[in-house]
Each structure stands twice: as structure tokens, then as C-alpha cells.
Amino acid sequence: MAQSVPPGDIQTQPNAKIVFNAPYDDKHTYHIKVINSSARRIGFGIKTTNMKRLGVDPPCGVLDPKEAVLLAVSCDAFAYGQEDTNNDRITVEWTNTPDGAAKQFRREWFQGDGMVRRKNLPIEYNP
């Protein structure tokens with residue numbers, strides 16, 4: 001059963017962080033690539049620490065081995081310097097999909113006994 005095998009690695013481009021540059025009076029969109037570098041199909045979900053300011057499209061999905069997806073990370077306009085941005089980040093969570101499951105994302109994959117891995121991408125705001 002796929003759930004008993006720990007999920008393999010993913011790669012993100014960029015690998016370490018997401019940077020948004022000023023001015024912040026308009027919406028910014030930054031693209032990141034998520035690549036399933038494992039040998040199994042995975043389901044992934046994206047979480048953010050600040051739902052008001054940050055959005056990700058698509059917020060979840062399924063990737064076959066070696067498949068990649070381009071995510072649009074958007075940052076809405078905000079008052080730079082007047083809001084706390086220190087803890088802003090995006091977290092990619094992923095888990096193996098059950099054997100034989102359709103290639104359609106299901107939230108319950110993350111709620112069962114299967115192992116879920118996480119990768120945090122801090123967000124940096126350049127003034």
C-alpha cells in the first residue's frame with residue numbers, strides 16, 4: 001500500500017524562498033515550479049500563513065512521477081512597513097496517493113495515517 005511508504009522528494013524552483021519587490025500598491029504574481037522527483041504519484045496542497053495577502057493557484061493537485069506544475073503565487077497590495085510580514089511563508093505539503101486512485105486531488109489523503117511531508121518557502125519583501 002502506497003500510504004506506508006514515505007513520500008519521495010519534491011523540488012521547487014526557486015528552492016529556498018520567494019521574493020516580492022516593491023512597490024506594494026498593486027498585486028504581484030510570482031511563479032514557482034513544483035516538480036515531483038519521486039517514483040510515485042503524489043497529491044500536494046499549498047498553505048499560506050497570510051490568507052488575506054497571499055494566494056496560490058492552483059492550491060492543490062496531483063503529480064505523476066517527474067511531472068511538474070507551475071504555481072502562481074500572488075501577493076495583494078498592502079501597506080509595506082505598516083503590516084507584519086516577518087512570518088509570511090508558503091508551505092507545500094505532499095503525500096503519496098493511494099494505489100489505483102484517480103488522478104484527482106482528495107483532501108482526505110492528508111487526514112489519514114499516511115505520511116505527509118512539508119517544505120516551507122519563506123517570503124521576503126524587498127522595500
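Guide: Welcome! Let us begin with a definition: two strands count as paired if DSSP finds at least two bridges between them. The strands themselves are DSSP runs of E with at least two residues, helices are runs of H or I with at least four, and both are numbered from the N terminus. The model here is predicted, so local features need pLDDT of at least 70 and side-chain atom pairs count only at pLDDT 80 or more, while totals for chains, interfaces and linings use all residues. Residues are numbered from 1 along each chain as its sequence is written, and side-chain values use heavy atoms, with hydrogens and water left out.

Visitor: How many helices and strands are in the protein chain?

Guide: The protein chain has 9 strands and 0 helices. Reading from the N terminus, you meet β-β-β-β-β-β-β-β-β. Along the principal axes, the C-alpha atoms fill a box of roughly 50 × 25 × 20 Å.

Visitor: Which order do the strands have in the open sheet of 4 strands?

Guide: As a general idea, strands of a sheet pair through backbone hydrogen bonds, either parallel or antiparallel. In this open sheet of 4 strands, the order is β1-β3-β7-β5, and the pairing is antiparallel. At the edges stand β1 (10-13) and β5 (54-57); each has a single partner strand, so one side of each is left without a neighbour in the sheet. From one strand to the next, the twist averages 25°, where axes are lines fitted to C-alpha atoms, for helices over the stretch in contact, and angles run from 0 to 180 degrees between N-to-C directions.

Visitor: Which strands pair with β7?

Guide: Strand β3 (residues 28-36) pairs with β7 in the antiparallel sense over 8 bridges. Strand β7 (residues 68-75) also pairs with β5, again antiparallel, over 4 bridges. Try finding Ser 74 in β7: Thr 29 stands opposite Ser 74, and Gly 55 stands opposite Ser 74 too. Val 73 in β7 is the bridge partner of Val 56.

Visitor: How many residues of β7 are buried?

Guide: Buried means under 20% relative accessible area, exposed means over 50%, and partly exposed is in between (1.4 Å probe, protein chains only). In β7, 6 of the 8 residues are buried, so this strand is largely enclosed by the rest of the structure. For the protein chain of 127 residues, the buried share is 41%.

Visitor: What is the order in the open sheet of 5 strands?

Guide: This sheet runs β2-β9-β8-β4-β6, with mixed pairing. Its edge strands are β2 (18-21) and β6 (60-63), each pairing on one side only. Here the twist averages 20° from one strand to the next. Strand β4 (residues 42-48) and β6 run antiparallel, joined by 4 bridges, and Phe 44 stands opposite Gly 61 in β6.

Visitor: Where is His 31 found, and which residues is His 31 in contact with?

Guide: His 31 is found in strand β3 and, at 48% relative accessibility, counts as partly exposed. Contact means heavy atoms within 4.5 Å. Leaving aside neighbours within four places in sequence, His 31 is in contact with Gln 13, Pro 14, Leu 70, Leu 71 and Ala 72. Pro 14 is 17 residues from His 31 along the chain, and their C-alpha atoms are separated by 8.9 Å.

Visitor: Which residues does a cis peptide bond join?

Guide: One cis bond joins Gln 13 and Pro 14, with omega about 5°; Pro 14 is in the loop between β1 and β2. Another joins Asp 57 and Pro 58, with omega about -5°; Pro 58 has its place in the loop between β5 and β6.

Visitor: What is phi of Lys 66, and is Lys 66 buried or exposed?

Guide: Phi of Lys 66 is near 70°, a positive value in a residue other than glycine. Lys 66 lies in the loop between β6 and β7 and counts as exposed, at 59% relative accessibility.

Visitor: What share of contacts in the protein chain join residues at least 24 apart?

Guide: Among contacts between residues at least 6 apart in sequence, 74% join residues at least 24 apart. That completes our walk through the model.
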